[in-house]
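Dear colleague,

I am handing over the structure we spoke about, and my notes on it follow directly below. Please read them with the model open.

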Amino acid sequence: MQFFVCINPNDNVIVTLRSFSTGETVSINGSDIKVHSDIPAGHKIATAWIKRGEDVIKYGYPIGRAKEEIKPGDWVHTHNVITNLEGTLQYTFQPKGRKVQPKSKSTD
């Protein structure tokens with residue numbers, strides 16, 4: 001059973017479905033990758049060398065750039081990745097649709 005998800009075949013990371021411990025091995029696409037540190041469930045593990053400044057690819061798209069060289073088996077997170085989002089981002093929730101009225105209570 002695999003305990004990770006490779007979302008897109010072009011990704012250079014996988015997403016863990018459980019925690020991984022230092023020294024465990026992940027088998028993906030015929031290659032065994034040794035995990036270099038404890039990695040929490042839901043986090044990313046590099047499956048390829050990612051040079052400093054290169055894109056981290058998840059969902060088939062760049063989600064950030066490596067702050068430092070990342071080796072296969074490394075935990076990929078905020079300590080070694082910088083976001084590709086730049087500038088001021090603002091978001092205002094503006095729902096479109098109709099309000100749902102609560103059902104009236106029966107007086108039976």
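In this model, the backbone nitrogen of Lys-71 lies 2.8 Å from a polar atom of the Asp-74 side chain, a polar contact being a pair of N or O atoms within 3.5 Å, of which, within protein, one must be able to donate a hydrogen and the other to accept it, while residues adjacent in sequence count only if both atoms are side-chain atoms. The model is predicted, with local features needing pLDDT of at least 70 and side-chain atom pairs counting only at pLDDT 80 or more, whereas totals for chains, interfaces and linings use all residues. Residues are numbered from 1 along each chain as its sequence is written, and side-chain values use heavy atoms, with hydrogens and water left out.

Asp-74 sits in the loop between strand 7 and strand 8, strands being DSSP runs of E with at least two residues, numbered from the N terminus. Asp-74 is buried (under 20% relative accessible area, 1.4 Å probe, protein chains only), yet has no salt bridge, that is, no side-chain nitrogen of Lys or Arg within 4 Å of a carboxyl oxygen of Asp or Glu; the nearest side chain of opposite charge, that of Lys-71, is 4.7 Å away.

As for the sheets, strands 6-7-9 form, in that order, an open antiparallel sheet, where pairing requires that DSSP finds at least two bridges between two strands. Strand 6 (55–58) and strand 9 (81–83) each have a single partner strand, so one side of each lacks a neighbour in the sheet. Three bridges join strand 7 (residues 61–66) to strand 9, and Gly-64 stands opposite Thr-83. A four-stranded open sheet, also antiparallel, has the order 1-2-5-8.

Best wishes

Conventions
Buried < 20%, exposed > 50% of the residue type's maximum accessible area, 1.4 Å probe, protein only. Lys, Arg positive; Asp, Glu negative; His and termini not counted.
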